[in-house]
Protein chains: 4
Amino acid sequence: MLTKAEINKIKKENSLYSAAYDLFTEKGINDTAINDIVKRAGVAKGTFYLYFKDKYDVLDKIILNKSTKVLRDGIKATKTKTFENFSQELLYFIDYIINFFEEEKLMLKLIHKNLSWAVYKKARKDYKEIDDLYLMFENEYKDTDMKKEDIEKLLFIIVDLVGSVSYSSIVLNEPASIDEMKVVLFDTIRKII
Amino acid sequence: MLTKAEINKIKKENSLYSAAYDLFTEKGINDTAINDIVKRAGVAKGTFYLYFKDKYDVLDKIILNKSTKVLRDGIKATKTKTFENFSQELLYFIDYIINFFEEEKLMLKLIHKNLSWAVYKKARKDYKEIDDLYLMFENEYKDTDMKKEDIEKLLFIIVDLVGSVSYSSIVLNEPASIDEMKVVLFDTIRKII
Amino acid sequence: MLTKAEINKIKKENSLYSAAYDLFTEKGINDTAINDIVKRAGVAKGTFYLYFKDKYDVLDKIILNKSTKVLRDGIKATKTKTFENFSQELLYFIDYIINFFEEEKLMLKLIHKNLSWAVYKKARKDYKEIDDLYLMFENEYKDTDMKKEDIEKLLFIIVDLVGSVSYSSIVLNEPASIDEMKVVLFDTIRKII
Amino acid sequence: MLTKAEINKIKKENSLYSAAYDLFTEKGINDTAINDIVKRAGVAKGTFYLYFKDKYDVLDKIILNKSTKVLRDGIKATKTKTFENFSQELLYFIDYIINFFEEEKLMLKLIHKNLSWAVYKKARKDYKEIDDLYLMFENEYKDTDMKKEDIEKLLFIIVDLVGSVSYSSIVLNEPASIDEMKVVLFDTIRKII
DNA sequence: TATGAATGAGAATTCATTCAT
DNA sequence: GATGAATGAATTCTCATTCAT
């Protein structure tokens, strides 16, 4: 059981997280000062440094948390459905992620510029269901002459492509809206896999 | 003919450009101060403001210059060769760009994080050969039932994919070296076009 | 007999003392925070204030303890030997102290900058053998026309001189190594007494 | 000729120097903040960093300036007098220095704790008259069998002794007032040289 | 006694921008 | 056009001290 003090500690940390997240998405990372974060969190300045090394430390942790959550939610949603084939299943999953980011434009903006393959790897290590997604993908190619490493590279390319195109179209509306881009993007992915 | 004063003016502007470029790539944009730039350029602080609005003003201009130059060089090199088909030609061009960035890792780092489709559009408007590249691509699909806008979207997807994968593999070495990634990347592009 | 609680109390105090001493000598007084001390001592922050007023309170106590110990050790070692005359005895004692500080360079650094005659006086009041050293020195001059107060001043001058020269040569290696300085220093002292 | 701007620049630097000196002697180094210095100097905070790296940078420069000045003044005053022998001359010089510090107790306090042989060496290199003092001292021993290095060591010992005793008696009044200590100190120096 | 989370004043440092020369 | 000293608001980070548990 948690003591009152422990509960309070967790509360403070959480309010720092969400204050930082809100400010990063609202004003951008460069324009957010530690001062802004603690003020919004309703916490003393020193408290920030009890939990984080600096601004980029919170950022890294937020990126990891948020992107892991999105992946897990997408996987969960996909698992509740049944599909005729793998292609359909993968596209459903991608569609889920894109729809999510359409709703959470600012999160996409924040995450994308700071995401790296290392984050995915960590997420895969920490959460069984994320690893399962990868294994499923790998399984799909087991009867081809594709090497294991190349399968991973292909997955990376798809992930990168979806991320990149989503970012441009959702955040910048370039070269077209995400709904218009989706048609071509899905078509492209179908060709790739 | 240029007067001595005019030549001096251009010299100053150029040294500001190259000082800024060097520092942005060496230390990153955030960690480069106007002070650093003028010091390296051997110019007074006030002089900076005679030529640029602020740090991001130089940055934008550098991005535009450098990326336009890369594109034009790639196109020029491609034009001197002959190819059996369009696929081969496009891949030669992409290969040229990737090889260039392998040599200029820091430039890739700088450009990628700050590039947008708007830059390509501007480059296409300003330089005939860049527009020609696009028209050639468009021409390739004229006999299919693909709409004109979708062709542009496809090109965007390819550009984005190449940029994204190059950045990860060249700058971060993730998920593999660019030489390893190239095999899968080129294979993917062949499937797409 | 001490209860477990009392033993634990003494243990905590001691670990605070030695943590503070280590840090003061390693990083200097200015750069040592209470936080550093309690962390190294393996004790909670609040505990520090149960035993000491502040950083300088520990420092004062450490200075007194360490310098008293050095004096007493030197006296003890000198007492086990026999000497032809007082001059030889005094120089043996001084040599002992210098050798000790050569081994404990950092302690010398810490003590010297913070030592005052007041500390010697306190040590003389608290420990009979230290007082004896003074009396022996005084006794040496009883047949001269030197006034009692002047004898004390002379002793002070010698102590100050030895401390000052040891500090420069051992800690700063200026103007020469302690081994080189010793020759001139001992010669000087012989002339003084 | 100096322009108005250059005169102003020197004025600012000087007001920073004297503000720092005043505060260091009044409140001590630890208790003086950069903020205090610039406020008293009537200058913006940033201006401090135009001239000094940090608090200890000003301190070092003050120490060097002030102690060089004292030495030069003492030498100048000594040169205007004639003496029967070297011993008298040296003691006159030492007396001058001690009297000066009696008037400038706080300067002594500041200088002493932060002075090192390195400062004397630098002063000797920069000012002919200070070097002359040393040469005169050396000359005094040219007919003895004393080695050149040992003469320097002897001088060091005297300097150190005078500095150390002055500090204790003037600043701390320990073990007696400077007037009382002088008798024994001068007697001691006469024995040494 | 002992703990350690929380505080918030305060210290150091940076830096874009101005402006008199 | 060019200079570079001066500014001071803004920002980061530290740390002694308190106090509820």
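**Two protein pairs and two DNA strands**

Sorted by class, the surface near DNA strand E has 14 nonpolar, 11 polar and 13 charged residues. This comes from a predicted model, as does everything that follows. Of the 38 residues around DNA strand E, the ones that come nearest are Gly46(A), Ile34(B), Ala44(C), Gly46(C) and Gly46(D). Turning to the other strand, DNA strand F is surrounded by 38 residues. The closest of these are Gly46(A), Ala44(B), Gly46(B), Ala44(D) and Gly46(D). The surface near DNA strand F breaks down into 14 nonpolar, 11 polar and 13 charged residues.

Next come the protein chains, starting with chains A and B. Laying chain A on chain B takes a turn of 180° and a shift of 0.0 Å along the axis, and the RMSD is then 0.2 Å. Where these chains meet, 24 residues come from chain A and 24 residues from chain B. On the chain A side, the elements that give two or more residues to the surface touching chain B are helix H7 (117-126), helix H9 (148-172) and helix H10 (178-192). Of these, H9(A) gives the most, with 12 residues. As for chemistry, the side of chain A that touches chain B has 14 nonpolar, 4 polar and 6 charged residues. How do the two copies line up at this contact? Of the interface residues of chain A, 100% are also interface residues in chain B, so the copies meet through the same surface.

Chains C and D make up another pair to look at. Chain C can be laid on chain D with an RMSD of 0.2 Å, using a turn of 180° and a shift of 0.0 Å along the axis. The two copies are therefore related as by a two-fold rotation axis. Their contact draws 24 residues from chain C and 24 residues from chain D. Helix H7 (117-126), helix H9 (148-172) and helix H10 (178-192) of chain C are the elements that give two or more residues to the side touching chain D. The largest share of that side, 12 residues, comes from H9(C). By class, the side of chain C that touches chain D holds 14 nonpolar, 4 polar and 6 charged residues. Here, too, the overlap can be put as a percentage: 100% of the interface residues of chain C are also interface residues in chain D, so the copies meet through the same surface.

One piece of the contact between chains C and D can be followed helix by helix. H10(C) packs against helix H9 (residues 148-172) of chain D at an angle of about 60°, with the axes 10 Å apart. That angle makes H10(C) oblique to H9(D). The crossing of H10(C) past H9(D) is right-handed. Which residues meet there? From H10(C) there are Met181(C), Val184(C), Leu185(C) and Thr188(C), while H9(D) brings Asp150(D), Lys153(D), Leu154(D) and Ile157(D). By class, this contact of H10(C) with H9(D) has 5 nonpolar, 1 polar and 2 charged residues.

That leaves chain B and its relation to chains C and D. Chain B and chain D do not touch, and their nearest C-alpha atoms are 13 Å apart. Chain B does not touch chain C either; for that pair, the nearest C-alpha atoms are 27 Å apart. Even so, residues of chains B, C and D are among those that come nearest to DNA strand E.

Methods
Residues numbered from 1 in each chain as written. Chains lettered and ligands numbered in written order. Predicted model: local features only at pLDDT ≥ 70, side-chain atom pairs only at ≥ 80, totals over all residues. Contact = placed C-beta atoms within 7 Å. Helix = DSSP H or I, 4+ residues; strand = E, 2+ residues; numbered from the N terminus. Nonpolar A, V, L, I, M, F, W, Y, C, P; charged D, E, K, R; others polar. Least-squares fit on C-alpha atoms with pLDDT ≥ 70 in both. Near = placed C-beta within 6 Å. Axes fitted to C-alpha atoms, helices over the stretch in contact; angles between N-to-C directions. Parallel < 35°, antiparallel > 145°, perpendicular 65-115°, else oblique. Left-handed = near helix turned anticlockwise from the far one by under 90°.
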